[in-house]
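User: I have a chain to go through. Please take my questions one at a time and keep the answers short.

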Amino acid sequence: MSQFDHLANRRAIIDRRAIAERIAAMPDAIPATIVPLLKDALAAGRAEIARRLAERPSRGLEAAAGQAYLTDQILRLLFESAVRLYPAAEPIALVAVGGYGRGEMAAHSDVDIGFLTLATASREAEHVFEAILYALWDLGLKVGHSSRSIDEMLRQAKGDITVRTALLERRLVAGDEGVHAEATRRFKAEVQHGTERQFIADKLAERDTRHRRMGDTRYVVEPNVKEGKGGLRDLHALFWIGKYVYDVQRARQLVGVGLFTPAEYRMFHRADEFLWAVRCHLHIITRRAEDRLTFDVQREVAQRMRFRDGAGKSAVERFMQYYFLQARAVGTLTGVFLAHLDERFAARGSRFGLPTLRRKPRRLNGFALDRGRLALPDDGFFRADPVRLIEIFQLADLHGLEVHPLAMRAAARDAKLIDDYRRDPRANALFLDVLTSPRDPELVLRWMNEAGVMGRFIPDFARVVAQMQFDMYHHYTVDEHTIRAIGLLARIEAGLEREAHPIATGIVQQIVSRRALRVAVLCHDIAKGRGGDHSILGAAVAQHLGPRLGLTPAETETVAWLVRYHLLMSATAFKRDLADFKTILDFATTVASPERLRMLLVLTVVDIRAVGPGTWNGWKRQLLGDLFEAAEEVLRLGHKQRGRDERIADRQQRLRETMGWDADRLAAAVHRFPAAYWIAEPDDVLAHNARLIETAGDAPLTIDAQVYAERGATLVSIYAADHPGLFYRIAGAISLAGGNIIDARIHTTRDGMAIDNFLVQDPFGRPFDDPARLTRLKAGIDDALANRGKLIDRLVAKPAVRPRADAFPIEPNVLINNDASNRFTVIEVNARDRPALLNQLAHALFQSKVTIHSAHVATYGERAVDTFYVTDLTGDRLTASSRLRTLEKRLLESADGTTA
């Protein structure tokens with residue numbers, strides 16, 4: 001039976017006989033001259049495979065087999081042509097290896113082939129190899145190739161696990177069957193035999209290395225379909241091991257050798273089919289060998305695979321949720337598969353890829369212990385007492401044990417039994433023990449989630465399992481983000497994150513309601529994807545879940561409050577002016593208690609950190625710390641502004657001591673600057689500005705830039721004669737130099753000078769510290785303020801740093817608020833992040849005759865939130881409704897990019 005007999009109407013993909021007849025009729029039918037004919041056949045075959053996939057978009061294995069079949073026929077035609085050209089060559093076997101050998105290829109997969117000869121290849125045989133390879137390259141194919149004698153093949157296979165794996169899937173495409181049969185016989189006898197255990201260990205080590213390189217989680221929101229955790233390569237590894245150990249030729253044969261049950265093979269096949277479909281669609285859409293399911297193609301793949309909007313989730317979110325469920329299934333299968341191998345091959349007392357554990361008693365609360373792993377004494381153990389579905393994980397956490405993969409298989413099978421025990425006090429107490437564990441709750445909760453027990457026990461959590469958030473800010477699915485946040489909280493409580501989070505580490509020990517905080521982290525995103533405000537909906541979930549888990553009414557109320565307001569602290573710190581006392585007062589009024597403030601800070605920290613790498617930085621730590629300290633003072637001293645004049649006087653006195661000024665010099669500085677300046681800037685910036693002004697003397701423009709390590713940014717200070725449009729010109733120049741402004745404060749002295757302080761980062765959220773770029777930055781600001789060069793034209797021409805952001809529809813929004821500050825009108829603009837957005841918004845404010853006093857910039861992936869504290873030219877808030885409507889319209893146009 002042929003590898004491709006299951007393919008329907010194969011001649012519609014490529015009719016090799018018809019092409020061979022046309023080649024035979026050609027007067028000079030050599031590989032080089034038949035390339036145009038084969039190129040047309042290749043294009044037509046790919047088009048037919050793509051057409052079939054469009055008709056049946058989930059039939060990935062059929063598309064993959066079709067591509068391999070097409071490649072086979074092209075190679076056979078080339079081989080026949082080359083052998084006719086060089087008839088004196090000895091017997092040659094042309095074999096497909098790797099994924100192509102398995103009979104699976106996407107449209108732009110590498111063509112991995114090998115030329116085998118009985119002995120060292122003759123010059124005539126080398127001519128055959130070269131003719132075929134040159135023709136393949138002329139066809140535009142990416143070819144991986146080797147030419148070896150059988151002895152060389154065996155020697156390399158013994159010494160290199162990658163070569164051995166590729167040859168394991170060797171398949172004869174064209175040439176001498178005798179050569180291939182001899183290679184197969186000797187490979188089994190001299191390479192495979194007796195090395196099974198080492199091969200398994202090597203493939204698992206290779207897999208672990210690949211997972212670490214790819215992020216070591218199957219729930220990253222831009223997964224690699226081929227190499228990522230839970231992807232095709234993990235499925236292939238199972239097949240390779242089965243083939244190496246049991247000599248199976250098809251994945252379905254893994255059932256017959258006892259590695260899978262029929263139901264598990266169906267799970268394997270379903271994941272294989274789906275992942276291959278995704279990969280084939282990716283190659284067709286991108287027209288290249290692209291295996292990363294990036295944001296800019298996810299929507300189109302979802303559309304091609306006929307996912308639809310529904311139940312509060314978009315089609316792309318439903319597609320990605322299904323993707324992650326399949327990736328999870330791959331993880332489950334891997335555990336079961338390895339458990340079976342473990343029983344047969346692991347040496348006594350040790351296991352594949354795992355350290356030997358100290359001896360434990362053979363029984364624990366009725367559970368069996370198998371080499372340091374919790375196992376079941378019999379197959380009906382969970383059915384006899386379904387609460388054991390929770391207890392097995394609680395014991396694993398308490399005693400530092402692993403759960404045996406076969407016990408995980410049974411837990412996944414029996415998870416539905418816990419449905420009737422959701423309100424069982426013992427089950428809830430055991431779950432709360434895991435959730436509040438001082439050890440490693442992240443690991444055990446992830447196991448519980450992988451088995452499906454967590455979602456069954458907490459149905460609201462099941463709704464966010466494998467749910468992605470279609471944006472560039474969140475790196476993980478909601479369930480993975482939540483579990484990571486719980487793990488981070490446990491590490492902060494254990495003092496393991498002291499260097500990264502000194503404030504959180506210090507205050508977490510003062511928190512009385514530690515149980516409530518853990519439950520709040522569990523619930524903070526539990527209502528995402530329901531089509532409403534997940535904070536409000538999540539608070540309602542917490543109200544029901546708290547009592548069920550055994551929390552007191554007071555703890556439940558605290559959890560619900562934390563979930564309801566879990567975004568308040570970050571929104572206030574990153575989008576509001578913390579030097580404006582009303583900001584602090586409004587925040588403190590909502591928080592209302594020091595205990596809630598401490599809990600909210602820790603929740604905010606773990607929420608941001610668990611979003612993904614790069615989302616936490618020194619600037620965010622500084623802002624949250626400043627807000628915490630200011631709010632704590634208000635909560636301690638009362639809700640009235642006390643000591644503002646005293647604080648200003650203290651700062652002025654500290655500046656005098658730092659600068660070594662006499663009383664007259666300080667008095668001159670106090671006279672020049674309004675009171676808001678002394679409140680807005682921290683002590684080190686006040687001193688830096690004072691030195692800058694002294695250095696400047698009478699110069700019309702002085703620019704300074706220095707790395708501000710405490711805030712993870714570069715402080716750019718400009719001292720110049722004040723004039724309209726100063727801010728938008730500076731913002732434009734910084735953008736042109738490649739900098740991102742994250743915060744800006746604008747001050748005007750009483751004698752008409754401006755001192756503006758900007759915090760600037762590079763596009764990756766790091767300090768803008770390259771000397772050449774800093775020099776270019778200073779020159780650019782100088783040119784912009786002197787009106788040299790067409791600033792706006794250059795900004796419009798500047799390419800976007802992240803074109804993938806175009807995958808996300810963001811409707812610009814402008815919010816104008818006169819209640820957030822007693823002195824300023826606060827304007828918040830939400831828009832797609834792009835170069836010079838701040839410059840264009842500031843230019844719109846300039847055109848509207850508005851004075852900017854401070855600007856605060858926050859980015860959430862592709863979304864930017866720019867907040868301005870403004871007044872009119874006389875220093876009053878903007879109140880006229882007609883003026884506010886005009887301003888809103890102008891800002892919306894700038895946010896949308898429709899005006900320059």
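The questions below run from the whole chain down to single residues, and the model is a predicted one.

User: How many helices and strands does the protein chain have, and what share of its residues counts as buried?

Analyst: The protein chain holds 40 helices and 16 strands. Its C-alpha atoms fill a box of roughly 100 × 75 × 50 Å along the principal axes. Of its 900 residues, the share that counts as buried is 56%.

User: Among contacts with a separation of 6 or more, what percentage comes from residues 24 or more positions apart?

Analyst: The count takes in contacts in the protein chain with a separation of 6 or more. Pairs 24 or more positions apart account for 72%.

User: Which elements give two or more residues to the lining of the largest cavity?

Analyst: There are 5 cavities of 30 Å³ or more. The largest has about 60 Å³ of space. Its lining includes L7, I13, I49, R52, L53, E62 and G66. The elements that give two or more residues to this lining are α3 (35-55) and α4 (60-85).

User: Is T165 buried or exposed?

Analyst: T165 is found in helix α8, residues 161-168. Beyond its neighbours within four places in sequence, it is in contact with F199, K203 and W240. Its relative accessibility is 5%, and the cut-off is under 20%, so T165 counts as buried.

User: What reaches the backbone nitrogen of K620 at the start of α31?

Analyst: Helix α31 covers residues 618-637. K620 is one of the buried residues of α31. At the start of the helix, an atom comes to within 2.8 Å of the backbone nitrogen of K620. That atom is a side-chain oxygen of N617.

User: Which strands are among the elements that cover the buried residues of α31?

Analyst: The buried residues of α31 include W619, L623, L627, F628 and V634. Helices α24, α28, α29 and α30 are among the elements that cover them. The strands in that cover include β11 (740-748) and β12 (753-761).

User: How far apart are the C-alpha atoms of E632 and R409?

Analyst: E632 is found in helix α31. This residue is partly exposed, with a relative accessible area of 29%. Along the chain, E632 and R409 are 223 residues apart. Their C-alpha atoms are separated by 50 Å.

User: What arc do the buried residues of α32 cover around the axis?

Analyst: Helix α32 has 16 residues, 644-659, and reaches 23 Å, close to the 22 Å expected. Its buried residues are I648, Q652, L655 and M659. They sit on the same side of α32, because the arc they cover is only 60°.

User: Which helices do the buried residues of α32 pack against, and which residue just after α32 takes a positive phi?

Analyst: The packing partners are α33 (663-672), α34 (675-680) and α35 (683-696). Just after α32, a positive phi of about 70° is taken by G660.

User: Why do the buried residues of α40 line one face of the helix?

Analyst: Helix α40, residues 881-896, reaches 22 Å from its first C-alpha to its last, close to the 22 Å expected. Its buried residues are L884, L887, L891, S894 and A895. Seen down the axis, they line one face because they fall within an arc of 95°.

User: Which residues are exposed on the other side of α40?

Analyst: The buried residues of α40 are covered by elements including β13, β14 and α39. Just after the helix, G897 takes a positive phi of about 80°. On the other side of α40, the exposed residues are R885 and K889.

User: What is the phi of R306?

Analyst: R306 lies in the loop between α14 (295-304) and α15 (315-345). This residue is partly exposed, with a relative accessible area of 47%. R306 is not a glycine, yet its phi is positive, at about 65°.

User: Is K849 buried or exposed?

Analyst: K849 lies in the loop between α39 and β15 (850-860). Its phi is near 60°, a positive value in a residue other than glycine. The relative accessible area is 53%, and the cut-off is over 50%, so K849 is exposed.

Definitions and conventions. Residues numbered from 1 in each chain as written. Heavy atoms only, no water. Helix = DSSP H or I, 4+ residues; strand = E, 2+ residues; numbered from the N terminus. Expected span 1.5 Å × (residues − 1). Buried < 20%, exposed > 50% of the residue type's maximum accessible area, 1.4 Å probe, protein only. Contact = heavy atoms within 4.5 Å. Polar contact = N/O pair within 3.5 Å; in protein donor to acceptor, adjacent residues only side chain to side chain. Arc of directions from axis to C-beta. 1 Å grid on protein atoms, 1.4 Å probe; cavity = no way out; pocket = protein on both sides within 12 Å on 5 of 7 lines; lining within 4 Å. Points joined across faces, edges and corners; volume = space filled by probe spheres on them.
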